[in-house]
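User: Can you walk me through this one? Keep it quick.

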Amino acid sequence: QVEAPGAAGALRQVLHNLIRADGSGAEGSTHYLAFTLEWALLARAAVPELGIDELLTRATTFLTSVLWSSGEHARIGDVDEGVVLRTLGTQPYGRSVAGAAAAALHLDWRPPGWVPDLRAMLLGATAMAPARRPSEDRFDAVSALQRGRARVLIVHGRGLPPLRTHAHSDALSVLLELSGQPILVDRGSWH
C-alpha cells in the first residue's frame, strides 16, 4: 500500500469522508456516490496500490443495491447528471459505473444487465462474474427489499453534516418498482 503522506493519503481521507462505512454516500445522493466511485476507480486504475479496494467494494455493493431494473440508480438526493467519463454507451450511468467497479475489483457478482463498455475498459475492469445483486440489502442510508416482482427502497439516511443539503428531504421516502416499472418515485427537492 502507498503510505499516507502526500496525494495518496489525502485521496484516501477524502474517500473515507465521502463514502460511509456501509458504502452509502455521505452526501445522501446516489448520483454523487456513483460520481465519487467513478473518480476513485480512475485513480485506482492509475495507481492500483492506493489501498482503497475495500471501501470501493462497499460503495459498489451499495450502488448495485439501489439500481432499478432499468439499470438507473434510484434518484435519491441531488442528481446533476455529472459524469467523469462521458462515454457513448447505451447503459444507464449507475449500472455502467457499478458494473465497471465490480469487474475492476474482481467481485464475484455484477449488476444484472451489465455488459462491459468503454467505461469498464478505462477503469481497469478485467473480470466478468455472474449477473446477480450482492446479498447485502440493508445499509445505514437505505434498505432494499425484493419480493417477487416488487422492489422497494426505504430511505432512512441523512446527508453530509452540518447542513445535509444534498440529501434534501429524502429521508423516510419509500420508492417502489413493480415488474421493472417505477410506481412510487421520490425525486427529492427541486429548485
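Analyst: One term up front: a crossing is left-handed if the near helix is turned anticlockwise from the far one by less than a right angle, and right-handed if clockwise. By that rule, α2 passes α3 in a left-handed crossing. The model is predicted: local features need pLDDT of at least 70, side-chain atom pairs need 80 or more, and totals for chains, interfaces and linings use all residues. Numbering starts from 1 along each chain as its sequence is written, and side-chain values use heavy atoms, without hydrogens and water.

User: At what angle do α2 and α3 pack?

Analyst: About 145°, with the axes 10 Å apart. Axes are lines fitted to C-alpha atoms, for helices over the stretch in contact, and angles run from 0 to 180 degrees between N-to-C directions. Helix α2 covers residues 30-46 and α3 covers 53-65. Helices (H or I, at least four residues) and strands (E, at least two) are DSSP runs, numbered from the N terminus.

User: Which residues in α2 and α3 meet?

Analyst: On α2, T30, L33, A34, L37, A40, L41 and R44. On α3, D53, L56, A59, T60, F62 and L63. Contact means heavy atoms within 4.5 Å.

User: New topic. How many aromatic pairs are in the whole structure?

Analyst: One. F35 and W39 sit edge-to-face, 6.4 Å centre to centre, with 85° between the planes. Rings of Phe, Tyr and Trp (its six-membered ring) pair if their centres lie within 6.5 Å; planes under 30 degrees apart are stacked, over 60 edge-to-face, the rest tilted. Both residues lie in α2, four residues apart, about one turn of the helix.

User: And overall, what is the secondary structure of the chain?

Analyst: Five helices and four strands, in the order α-α-α-α-α-β-β-β-β.
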